[in-house]
Amino acid sequence: MTDLDVMTAEQIRSDPMYNEVLFPFGYRWFAGVGFWADTAAWALTIQRTGREGAFEARDKQVLAQLAPRLTETATLATAVGRVALTSMTDVLNRVQQPALVLNREGIVLRTNEVADRGFDDEVRIRERRLVLRDKQAMTKLEQLISLIRSTPDASAIPASPILVRRTTKPPVVLRILPVDGAARSVFLGARAMLILSNLVPPAAPDPTLIGQAFDLTPAESRLAALLATGASLAGAAEQLRISRETARNHLKSVFSKTGAHRQPELVKLLLQLV
C-alpha cells in the first residue's frame, strides 16, 4: 500500500506526521509492504523524496513480491528467538531458579516452570504483566520498565535489584539480566530477564549428601535436611515420627559434627550443599 491508498493529497499536506516528521527531512511519499512474523503483523516502510515522486502501481507490484520472503525471514527469526528464550529459562529451571523474560514494553514473553509454581496473590502474572502487591516495589518495577523502554538495545540496563516484601512469606529479590543474541530479535522483542530470588522455598539438601559431608548417621541426616528447609525442630520431629527428645539429641550430635552452634548457622551451612 501507499499513502495515496489511504489519504488524499490534501490530507497529506495537512497531516502532522508528514509536516513534522517526514517533510523536514525531505521525505514526501510512503509505501508499506505488509508481512507476518509468526502471528504478528508487520510492515516494511519505504520513503521517497519529492524529487523521486510518488509510488506508482508498477512500484507496488514489485514491492509486493517482497512480502512472502519477508514473512519467511521474520517468522524464522521469531522461532529461533523463542528457542533461545526457552533454552535460557530452562537452564535456570533446572537449578530451581525462577525467571521470566520481558519485552521492551514490559510484556512477559516467557516464564519457567519453577516461577509459575511460586506465583501467588502477592507476586503474579496478570494480563501478561508482572504484578506486585507491594506498592513500593511495583513503583520501582514500573520505573524499571520505563528504563528498559528508553535504553538502546546495545546498551546495558543500569538497574538495581528490587526488594518485594510479602505478608506471610520471605521477601523476593528481583534482579535484571540482559538478553542477547537471537532472543533479542526485533520481531520477538525480548529485552530483559528477571531473576526472582526466594520466590519459592529453597530445595532441601540431599540427606545422603549431608551424611557424607559431615559423617552423620542416616537419622541425623534426615533431621538436618528437614531443618534446612526451614522446619522447626518440633515440626521435623513430627514428620520423622520421633519424639522431641530424640530430635534434640540428634540435633546436639549434628551440632557437634558440623561445628555449628545454633540452628540458623546450621541451616546456612547445609544450604551450601544444595
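**Hairpin, sheet, cores and selected side-chain contacts**

Between the strands of the β5-β6 hairpin stand two residues, and E127 in this hairpin adopts a positive phi near 55°. The model described here is predicted. Strand β5 spans residues 123-126 and pairs with β6 in the antiparallel sense, over four bridges. Within this pairing, R126 is placed opposite R129 of β6.

Positive phi values also occur at two loop positions. Q96, which is not a glycine, has a positive phi of about 60°. The residue Q96 belongs to the loop that connects α5 (67-94) with β3. With a relative accessible area of 41%, Q96 is classed as partly exposed, because this value falls between the limits of 20% and 50%. R241 is likewise not a glycine and has a positive phi of about 60°. The loop that holds R241 runs between α10 (233-240) and α11 (244-258). The relative accessibility of R241 is 80%, and R241 therefore counts as exposed, the cut-off being over 50%.

An open sheet is built from five strands in the order β4-β3-β9-β8-β7, with antiparallel pairing. The edge positions are taken by β4 (108-111) and β7 (162-164); each has a single partner strand, so one side of each lacks a neighbour in the sheet. From one strand to the next, the twist averages 25°. In general, the strands of a sheet pair through backbone hydrogen bonds, in a parallel or an antiparallel manner. The edge strand β7 pairs with β8 (residues 172-178) over three bridges in the antiparallel sense. I162 has L174 of β8 as its bridge partner. Helix α7 (residues 135-150) lies across four strands, namely β3 (99-103), β7, β8 and β9 (190-197), and runs at about 150° to β7.

The largest nonpolar core comprises 26 residues, and within this core L130, L132 and L141 have the most contacts. At least two residues of the core come from each of β3, α6 (113-118), β6 (129-132), α7, β7, β8 and β9. The greatest contribution is that of α7, which provides six residues. When residues up to four places away in sequence are not counted, L132 touches E122, V123, A137, M138, L141, V164 and L174. A second core, separate from the one above, has 19 residues, including F214, L223, A237 and L251. Nonpolar side chains in soluble globular proteins tend to be buried together.

A buried acidic side chain was examined next. E220 is located in helix α9 (residues 218-228). Its relative accessibility is 6%, and E220 therefore counts as buried, the limit being under 20%. Two polar contacts of the E220 side chain are described here: one to the side chain of S253, at 2.6 Å, and one to the side chain of K257, at 3.0 Å. Leaving aside neighbours within four places in sequence, the residues in contact with E220 are H250, S253, V254 and K257.

The count of aromatic pairs comes to three. In one of these, the ring centres of Y18 and F23 are 5.8 Å apart and the ring planes stand at 55°, so the pair is tilted. Y18 is buried, with a relative accessible area of 2%, whereas F23 is partly exposed at 23% relative accessibility. F35 and F187 form an edge-to-face pair, with 6.1 Å from centre to centre and 85° between the planes. Since F35 lies in strand β1 (residues 27-37) and F187 in the loop between β8 and β9, this pair ties together parts that are 152 residues apart in sequence. The relative accessibility of F35 is 7%, and F35 counts as buried. F187 has a relative accessible area of 24% and is partly exposed. Ring pairs join F35, W42 and F187 into a cluster.

Key
Residues are numbered from 1 along each chain as its sequence is written. This is a predicted model: local features need pLDDT of at least 70, side-chain atom pairs count only at pLDDT 80 or more; totals for chains, interfaces and linings use all residues. Side-chain values use heavy atoms; hydrogens and water are left out. Two strands pair if DSSP finds at least two bridges between them. Axes are lines fitted to C-alpha atoms, for helices over the stretch in contact, and angles run from 0 to 180 degrees between N-to-C directions. Contact means heavy atoms within 4.5 Å. A nonpolar core is a set of buried Ala, Val, Leu, Ile, Met, Phe, Trp, Tyr and Cys residues joined through side-chain atoms within 4.5 Å. Buried means under 20% relative accessible area, exposed over 50%, partly exposed in between (1.4 Å probe, protein chains only). A polar contact is a pair of N or O atoms within 3.5 Å; within protein, one must be able to donate a hydrogen and the other to accept it, and residues adjacent in sequence count only if both atoms are side-chain atoms. Rings of Phe, Tyr and Trp (its six-membered ring) pair if their centres lie within 6.5 Å; planes under 30 degrees apart count as stacked, over 60 as edge-to-face and the rest as tilted.
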